[in-house]
Amino acid sequence: MTAAVSPADREQYLALVGDGAQAGAVDFALALAERGVPPRAVLLDLVAPTQARIGDLWARNEWSVAQEHAATHVSEQVVAALAARHRPQTAAGRGVLVTACVDGEWHALPARLFAEIARWDGWDVRFLGASVPGPHLISYLHRHGPDVVAVSCSVPTRLVAAHRVIEAAQAAGIPVLAGGRGFGPAARWGRKLGADRVAAGAGDAVELLRSWLPAIAGSHPLRESFVSDDEHILIAKRNPQLVAAAMDDLSQRFPALRGYTPLQREATEFDLGQIVEFLCAGLFVDDPELFTTFLDWLRIVLATRGVPPSTVDLVLDVYEQQLYDFPRAGAHLAAGRRRQALAASPAGGEGRG
Ligand code: B12
């Protein structure tokens, strides 16, 4: 009989990983599987949602980066222990699948979850881990000739790298499956970038692989019309100047900023640079929602660290002035400002309750 992961199990697991209790967390996950919870469900219904929750706790400044790192390390050990204990029962012989995070993408655990689930489903999986440089991935593909390459992207700022890999793998005749939260809602930006197939979750992905790959010879990429101009490249090059202009403006409005320690300045510059990076990613896939969703997230991150959300409006103003000759960027920044205004309105969130 199969059993399911309960909300109480998730609470207990969160407490264990939050304590960095490696042995306890591993024993807990293995015991769930022994009680009849399918190992795949332990990964998808216990480990994955807990990791997402850890991300929220970090974003809301309730957990430090150190606590997140320690907890993630424990989850990695849990995945390894489950994979070692539960080997695929039958060699379904579906084929060879290479999975890797795109260049600059350090979130290896999401891809690892997918890798183990695909292995349990009968794939001969080669898991290449975090941030695989594009040329190295392609030469690996040439050498090993897998049936499919599954690329993982967790942060949208890595979509340009994802696109390069998708095109190069297809040029080498290897079909590409794209997945991970960085590809957006229902992995729609993966579709835009021309992946042969996309999947939002690891569970959906293995179902899709089962029905897709037997017919792969006749498969075609789901490519939508993707015409990218150079705006994202030109603006990415101007990132340091944009950050400097925003820092200047902010120091005039908030004299306290002039007294910041080097570390505080660095953190502020990082945030300002990140705004530019997400703007560029949104321009690349030509979808303002990428930028507005990022701003929703940034609002939470800054507010829980005592930075008034109105600061972001000021930065958007500066970027809009600096980028007056980039029409698409102007439109994305304007969409961002509208979203900020909505979030600040009584109906939008901050005024509530
Ligand atoms: C742990 C963690 C890290 C670790 C990763 C370590 C590791 N070994 O993986 C480290 C410290 C490296 C890290 C770094 C950063 N992180 Co981080 N991180 C996380 C965290 C908390 C958990 C990641 C995880 O394990 N997820 C597991 C599950 C939950 O991921 P999942 O996407 O749901 O995976 C499923 C599907 O997407 C799918 N899938 C995934 N890959 C693939 C691939 C294929 C082919 C397929 C088919 C399916 C598939 O299958 C999975 C199971 O269904 C997430 C929170 C989150 N929600 O994921 C933040 C999170 C992703 N990180 C975030 C951020 C901001 C960062 C940093 C920018 C922080 C910083 N200031 O430097 C850097 C970016 C580094 C980089 N360039 O890659 C943000 C991203 C926000 C945004 N706006 O996009 C998040 C969402 C946290 C948050 N709530 O704010 N991070």
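Between domain 1 and domain 2 of this predicted model there is one salt bridge. Its partners are Arg-40 and Glu-207, whose closest N and O atoms are 3.4 Å apart. A salt bridge is counted when a side-chain nitrogen of Lys or Arg lies within 4 Å of a carboxyl oxygen of Asp or Glu, so the pair qualifies. Two residue pairs in polar contact are also counted between domain 1 and domain 2.

On the side of domain 1 that touches domain 2, the helices α3 (39–59) and α4 (65–85) each supply at least two residues. Sorted by class, this side of domain 1 has nine nonpolar, four polar and two charged residues.

The domain assignment places domain 1 at 1–86, domain 2 at 89–226 and domain 3 at 231–344. In the contact between domain 1 and domain 2, 15 residues come from domain 1 and 10 residues from domain 2. The C-alpha centres of these two domains lie 24 Å apart.

The size of an interface is often given as the accessible area lost when the parts come together. For domain 1 and domain 2 this buried area is about 1,000 Å², with 76% of it on carbon and sulfur atoms. Of the area that domain 1 buries against domain 2, 45% is supplied by Arg-40, Leu-43 and Val-79, more than by any other three residues. Arg-40 is thus named twice: in this trio and in the salt bridge with Glu-207.

The model also holds a ligand with a cobalt atom. The single protein donor to the cobalt is NE2 of His-107, 2.2 Å away. His-107 sits in the loop between β1 (95–101) and α5 (108–120).

Note on methods
Residues are numbered from 1 along each chain as its sequence is written. This is a predicted model: local features need pLDDT of at least 70, side-chain atom pairs count only at pLDDT 80 or more; totals for chains, interfaces and linings use all residues. Side-chain values use heavy atoms; hydrogens and water are left out. Donors are N, O and S atoms within 2.8 Å of the metal (3.2 Å for Na, K and Ca); water is not among the atoms, so sites may look incomplete. Helices (H or I, at least four residues) and strands (E, at least two) are DSSP runs, numbered from the N terminus. Domain bounds come from an automatic or database domain assignment. Contact means heavy atoms within 4.5 Å. Buried area is the accessible area (1.4 Å probe) that two parts lose on being put together, summed over both. A polar contact is a pair of N or O atoms within 3.5 Å; within protein, one must be able to donate a hydrogen and the other to accept it, and residues adjacent in sequence count only if both atoms are side-chain atoms. Ala, Val, Leu, Ile, Met, Phe, Trp, Tyr, Cys and Pro count as nonpolar, Asp, Glu, Lys and Arg as charged, and the others, Gly among them, as polar.
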